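Here are a few exercises to work through with the model open in your viewer. Try each task before you read its solution.

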Amino acid sequence: MKAVQYRTVGGHPEVVTVPDPEPGPGQVLLKVTAAGVCHSDIAVMSWSAEQLPFPLPLTLGHEGVGTVAALGAGVTGFTEGESVAVYGPWGCGSCTKCAEGKENYCLRANDLGIMPPGLGAPGAMAEYMVVDDPRHLVPLGDLDPVRTVPLTDAGLTPYHAIKRSLPKLVPGSTAVVIGTGGLGHVAIQLLRAMTAARVIALDVTEEKLALARTVGAHEAVLSDGAAAGKVRELTAGLGAQAVLDFVGAPPTTALAGQLAAVEGDVTIVGIGGGTLAVGFGALPYEVSVTSPYWGSRSELVEVLDLARAGAVDVHVETYGIDEAPLAYERLHAGKVNGRAVILPNG
């Protein structure tokens, strides 16, 4: 089968031919319908050999949906041909966090060598993939798989980040979204569907800000040296009750701190290497700063239910599997407006 792999440190994604996988006991084989292209893949491909926590070559793709092609021995609950989404942050299934459905925070994954598909285990950017356990599958029903696949990360991650701030996002409050790309443009829609907050979007290009307005941002502000002042002006000098940074680079984390209101939340989702100092006087009183990771299995079900209700619609650009390297080039150059999706069998 064809697969998109990261094969050598410092290299670029390559389309290669690898053996067709087969499911072992307790596993499920999927014929992949769609796989999302994510900035975190580019981050991984920028790491040195010492930083990489897994061996190469690696089949990319941590956002995946497909149809059940075969069931390993002992697997029940799914049928061949059924359309499913893959829950990506695999855990051990038995620690206290996994028991809560929070496999994204599994306490034993590192010790046991358990890694997400596309981020250590073979991912979805291939014609077929093996899912380690049926609990990591969520039925799609009649949802469009191509428009749904980004929700497994680009939907789940902002949904998890927003949920912690819901008590603060009451009528009259403000939420700021920094970075309106794959995750950010979904976050805007989630904020509009889940809260009464006014949503202010920040990005570095007018094209990205146009998308932000299209998906529901009340205000769209160019992320430049004047951005902090503009947001303060829009909030009558108070700042935002929730600031969600989907870039996470040093300039954006610094900006996030400047935008937070007293008792506000700063949530750093992006993995751009930025940090934010916390201490008395460093931020307004009682500002909470956190850096969450992905989301729980139950939250993925909730995100798909929101999509089913029409509350969120991901803007996608589709590519055939042979075009996957081009999709990564466009993403790296900031030319993807929304989410790039690979169709391995399309």
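**Exercise 1. The pocket lining**

By class, how many nonpolar, polar and charged residues does the lining of the second largest pocket have?

Solution. Keep in mind that this is a predicted model.

Step 1: list the lining, which consists of Gly 10, Gly 11, His 12, Pro 13, Ile 42, Met 45, Ser 46, Pro 325, Tyr 328, Glu 329 and His 332.

Step 2: sort these residues by class, counting Pro as nonpolar and Gly as polar. The result is five nonpolar, five polar and one charged.

Step 3: look at where the lining comes from. Helix α11 (residues 324-332) supplies the largest share, four residues. The volume of this pocket is about 260 Å³.

**Exercise 2. The partners of β3**

Find the strands that pair with β3 and give the sense of each pairing.

Solution. Step 1: start with strand β5 (residues 63-71), which is antiparallel to β3 and shares eight bridges with β3. Here Val 28 faces Leu 71.

Step 2: turn to strand β7 (residues 128-131), also antiparallel to β3, with four bridges. Lys 31 has Tyr 128 opposite.

Step 3: add strand β16 (residues 339-343), joined to β3 by three bridges in the antiparallel sense. In this pairing, Val 37 is matched with Ala 340.

Step 4: check how covered the strand is. Of the 10 residues in β3, eight are buried.

**Exercise 3. The nonpolar core**

Which residues touch the most other members of the largest nonpolar core?

Solution. Step 1: the core has 80 residues, and Leu 30 and Met 125 are the ones that touch the most other members. Strand β3 (residues 28-37) gives the most to this core, six residues.

Step 2: follow the contacts of Met 125. Beyond four places away in sequence, they include Ala 35, Gly 36 and Val 37, as well as Ile 321, Tyr 328 and Ile 342.

Step 3: look for another core. A second, separate one holds 19 residues, among them Ile 178, Val 231, Val 243 and Leu 255.

**Exercise 4. A loop proline**

Why does Pro 21 count as partly exposed?

Solution. Step 1: locate Pro 21 in the loop between β2 (14-17) and β3.

Step 2: compare its accessibility with the cut-offs. Buried means under 20% and exposed over 50%, so Pro 21, at 23% relative accessibility, counts as partly exposed.

Step 3: list its contacts outside four places in sequence: Met 1, Leu 29, Tyr 128, Met 129 and Val 130.

Definitions and conventions:
Residues are numbered from 1 along each chain as its sequence is written. This is a predicted model: local features need pLDDT of at least 70, side-chain atom pairs count only at pLDDT 80 or more; totals for chains, interfaces and linings use all residues. Side-chain values use heavy atoms; hydrogens and water are left out. A nonpolar core is a set of buried Ala, Val, Leu, Ile, Met, Phe, Trp, Tyr and Cys residues joined through side-chain atoms within 4.5 Å. Buried means under 20% relative accessible area, exposed over 50%, partly exposed in between (1.4 Å probe, protein chains only). Helices (H or I, at least four residues) and strands (E, at least two) are DSSP runs, numbered from the N terminus. Contact means heavy atoms within 4.5 Å. Two strands pair if DSSP finds at least two bridges between them. On a 1 Å grid over the protein atoms alone, a cavity is a set of points where a 1.4 Å probe fits but cannot get out, and a pocket is an open set with protein on both sides within 12 Å along at least five of seven lines; lining residues have an atom within 4 Å of a point. Grid points are joined across faces, edges and corners, and a volume is the space filled by probe spheres set on the points.
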